[in-house]
Amino acid sequence: MIGVLLVNLGSPATPSPADVGTYLREFLMDEYVIDLPKTLRWALVNLAIVPRRKYASAKLYQSVWMKEGSPLLVNTYSLANGLQRHLGNSFKVAVGMRYGQPTISAAMTNLIQHQVERILAVPLYPQYAESSFETAVQSIQRAARENSMADGVAILPPFYDSPGYLDASADQVRAHLVQHPDSHIVFSYHSLPERHIKRLDSSGQHCLQRADCCEQILECNARCYRAQCEATTRAIAQRLGLQPSQYSLAFQSRLGRQKWIGPQTSDVLQQLAQRDIKQVAVTCPSFVADCLETLEEIAIRARETFLQSGGNDLTLVKALNAEPVWVQALTSLVNDFADQPDLSQNK
């Protein structure tokens, strides 16, 4: 039997300020998220950010919390259940969260208790970023060592250009366009600090040095998050037959005053309204499961921004969640990955 470990970001246990504070501390103390010296990071997180932010964030979580729990967990578990049905009895699927519960280590222990021979870990981040994919990899590898599985775990690489993922993402947008053919499509991705992009540029002379630096993925920017976001956007737009004037690319979810990659989603929405574009649909391809950043930040706050700027309507295109076409695509990804004769290069 092969174990499949689906890894996502995580959520607070409840939308209470206390639990949100606990979650934020774990999340923000990750050196891949806030890349400052540990002492300075501790002071910033525990003395400045969390005491103030936990109350505001708790209200945001409360606005989208489901009867079954956190939207991110609910949607990830639904995906896991669908994947399990498609993969069959020769696989065992488990869910682990980078922050909060269930932990990656607990999920791996669960798989081992089912006597899996090896584990395929699937970070549910289509595009590579140190603050999402890489920190998940480090946590998976740490859990593997703790469970004496260091040689038995392989990790699926980012799938930003996987045809199945792209087809499923295009299908979600297409379903909206059937009902609202005049919608301008905004592709909104989680933002990153610019320095996270620049330090992965192996040449030191390419990323964010010129306007067209992300138009191609080369050796020097192979792990560039922004370039992968642009590649995903172009591929989905091509599948939909969209002209450049029919869609925009933007970045959301900034934290702090440092310089982040842009343009910012809220700014793009205001500019679209000023151009007399009245109907917008926002799709968020960096999130494969609906969560706070899609259900609250886009469907509620971004919609308010667009309407207040003169737009008539903004619709969130739902994430892939457990849509049948996505479950089938992920099943194919896992099967293809499992069939590779040597997975050591993916560890």
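In the predicted model, helix H6 and helix H12 are roughly antiparallel to each other, because the angle between them, about 175°, lies over the limit of 145 degrees that defines this class. Helix H6 covers residues 163-179, and its axis lies 9 Å from that of H12. On the side of H6, the contact is made by Gly 164, Tyr 165, Ala 168 and Asp 171, which meet Val 325, Trp 326 and Ala 329 in H12. By class, the residues of this contact divide into five nonpolar, one polar and one charged.

Helix H12 (residues 324-338) also packs with helix H3 (residues 71-87). The axes of H3 and H12 come within 9 Å and cross at roughly 60°; the two helices are therefore oblique to each other. The crossing of H3 with H12 is right-handed. From H3, the residues Leu 79, Gly 82, Leu 83, His 86 and Leu 87 take part, and they meet Trp 326, Val 327, Gln 328, Leu 330, Thr 331, Val 334 and Asn 335 in H12. This contact of H3 with H12 comprises seven nonpolar and five polar residues, with no charged residue. Trp 326 of H12 is thus found in the contact with H6 and in the contact with H3.

The strands are considered next. Strands of a sheet pair through backbone hydrogen bonds, either parallel or antiparallel. An open sheet of four strands shows parallel pairing and has the order S2-S1-S3-S4. Strands S2 (91-97) and S4 (153-155) stand at its edges; each has a single partner strand, so one side of each is left without a neighbour in the sheet. On average, neighbouring strands of this sheet are turned by 25° against each other, direction ignored.

Within the sheet, S1 and S2 run parallel and are joined by seven bridges, with Ile 2 standing opposite Phe 91 in S2. Strand S3 (residues 118-123) is joined to S4 by three bridges, and these strands also run parallel. Here Leu 120 stands opposite Ala 154 in S4. Although S2 is an edge strand, six of its seven residues are buried, so the strand is largely enclosed by the rest of the structure.

Two helices are associated with this sheet. Helix H4 (residues 104-113) packs on the sheet and touches strand S1 (2-8), S2, S3 and S4. The direction of H4 makes about 165° with that of S2. Helix H5 (residues 130-146) lies across S1, S3 and S4, and runs at about 175° to S4.

Ala 144 belongs to helix H5. This residue has a relative accessible area of 3% and is buried, because the value falls under the 20% limit. Leaving aside its neighbours within four places in sequence, Ala 144 is in contact with Met 108, Met 149, Ala 150 and Val 153. The C-alpha atom of Ala 144 is separated by 30 Å from that of Arg 226, which is 82 residues away along the chain.

Another parallel pairing links strand S7 (residues 279-283) to strand S8 over four bridges. In this pair, Gln 279 stands opposite Asp 313 in S8. The side chains alternate along S8 (residues 313-316). Leu 314 and Leu 316 point to one face and are buried, whereas Asp 313 and Thr 315 point to the other face and are not buried.

Technical notes: Residues are numbered from 1 along each chain as its sequence is written. This is a predicted model: local features need pLDDT of at least 70, side-chain atom pairs count only at pLDDT 80 or more; totals for chains, interfaces and linings use all residues. Side-chain values use heavy atoms; hydrogens and water are left out. Axes are lines fitted to C-alpha atoms, for helices over the stretch in contact, and angles run from 0 to 180 degrees between N-to-C directions. Angles under 35 degrees count as roughly parallel, over 145 as roughly antiparallel, 65 to 115 as roughly perpendicular and the rest as oblique. A crossing is left-handed if the near helix is turned anticlockwise from the far one by less than a right angle, and right-handed if clockwise. Contact means heavy atoms within 4.5 Å. Ala, Val, Leu, Ile, Met, Phe, Trp, Tyr, Cys and Pro count as nonpolar, Asp, Glu, Lys and Arg as charged, and the others, Gly among them, as polar. Two strands pair if DSSP finds at least two bridges between them. Buried means under 20% relative accessible area, exposed over 50%, partly exposed in between (1.4 Å probe, protein chains only).
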